[in-house]
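Q: Could you help me see how empty space inside a protein is found and described? I'd like to go through it step by step.

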Amino acid sequence: MKRYILTYFQFLAVAVIVLLASCVHHPDVPSTSKEAKCLPAIFPDYCNVTVPCNIAPLNFMLPADEFDECVARLTTPDGQQQTYGNGVKVQISESEWHAMLDASKGKSIKVEVWGRKEGEWLSFNPFEIHVAEQPIDDYVSYRLIEPSYVAWTYMEIAQRNLTSFEETQIFNNEITMNNNKIGQCINCHSYQNYKTDNMLFHVRLSNAGTVIVNDGKVSRVNMKRDYTISGGVYPAWHPTAKLIAFSTNKTRQGFHTLNPNKIEVYDEASDLILYDVETDSVSIVSNDSTLLEVYPTWSPDGKYLYYCKSVPLPEEMRDKDIRTTYPKIQYNLYRRSFDLASHGFGEEELVYDAASADKSVTLPRISPDGRYLLFALGQYGCFHSRHHDADIVCIPMDQYAGTALTAETASAIDLTLLNSEHYSDSYPSWSSNGHWIMCASRRDDDNYSRVYFAYFNNGKVGKAFLMPQEDPELHVSLLKSYNRPEFMVEPVKISVEEFSRVFDK
């Protein structure tokens, strides 16, 4: 009986939570108001953005230090209309929102906003939320990490359903702590062709290794060999074969006291390797001892491996401490052809010469149709996540015909609506259908990287918008950075507990 009563009350508690969560406020719009004659300063800024036809509700808020209350009215092209408002927040019913998206596909939802300030209602200029006909991938995953300048503590790799607000853990660094309470640094999750039956992530320090899922089976491997700098670091799954390209790195950090970039991450050495998952074998792709090679990525057909490689330093700087020369280290973009039958690579081709314009290119990604090249561009180095000048660049691949492209010869696509003006925009990637660009940006406060999306259609790029949250205030109350966001067409099905078992072997 006792067990039955406990279960009954647990059921009641869950029912109450569900009931409260389902309560959506539908207030009346103000009967009288004063025209503000401007767009509302909502956060996140969803004014006149283009969104996927399957995205979660774009909840937003007015500044709580300026307004006491907010009401929004949403109207679809077929006349459906609904109002929302709870304090200064606008939180939209998921079912009602998706019905509005369905009714507005290829068109727009009209949004009208009123804000009450010092007892007076202000009416703002209406704006539109354009609804693209193309969906976004259902899932995205990221590492949640504190932007500490000394050490890391708790961190997790999480996955988010973009059609709702569901977020679940893939792994966390506490579950396999040893008796000395030493955990791991977990990072660099990666998937084969947007699917999760073949995936990986790294574990460093305690219980170090690379956790690899091969056709749904989990193992932990050590890729360090006598002839490599390290185990695998930055990964890229071949789109069809059980092969993973990695860089091997000797990475260091520097901490600035006056420089606004705050943290400097650089490599003392880095090479490229190819790991065969089936045979647990490692082969060298490129290991120039005088230069640095990093960030491999495959073309969608698997016939080319793209990567970044440093250019030689001036003669007078080559023997100096890298802590003094790092602002002069710049990377260009290269590729090698790949033969799947022999696992052989062709000669190196210079694809984009960034250094000729005194720039450095990192994190290349080729669009799923092979037509466009994305990368992050900054003044120097290979870790632009903390560089204020870092922006995303997109170049049509039909401009490359064997001769290296430069800032002067390549006609880059206009990404003004994607990039921020003064803060880091980095880690670009494509959705599986090629219609959505995702990046990690620090534009909101310069401390935390957050996930932004932008619509991409035949070389035209829409205004970037922040990944929606059920409570819009979570964007500023969650003191975590979203690191290495990756698109997925399905969730990771392996539980945290199942992943943890590979550390017992």
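Q: Which residues lie nearest the centre of the second largest pocket, and what makes a residue part of its lining?
A: Tyr191, Tyr194, Thr297, Trp298 and Arg365 lie nearest the centre, among 28 lining residues. A residue counts as lining because it has an atom within 4 Å of a grid point; the grid has 1 Å spacing, and a pocket is an open set of points with protein on both sides within 12 Å along at least five of seven lines. Do keep in mind that this is a predicted model, where local features need pLDDT of at least 70, side-chain atom pairs count only at pLDDT 80 or more, and totals for chains, interfaces and linings use all residues. Residues are numbered from 1 along each chain as its sequence is written, and side-chain values use heavy atoms, without hydrogens and water.

Q: What is the volume of the second largest pocket?
A: About 610 Å³, where a volume is the space filled by probe spheres set on the points, joined across faces, edges and corners.

Q: What makes a space a cavity instead, and how many of 30 Å³ or more are there?
A: In a cavity, a 1.4 Å probe fits but cannot get out. The structure holds two of 30 Å³ or more: the largest has about 60 Å³, and the second largest about 50 Å³.

Q: Why are Glu264 and Asp267 in the lining of the largest cavity called charged?
A: Both are in that lining, and Asp, Glu, Lys and Arg count as charged, so these two fit the class. The lining has eight nonpolar, one polar and two charged residues.
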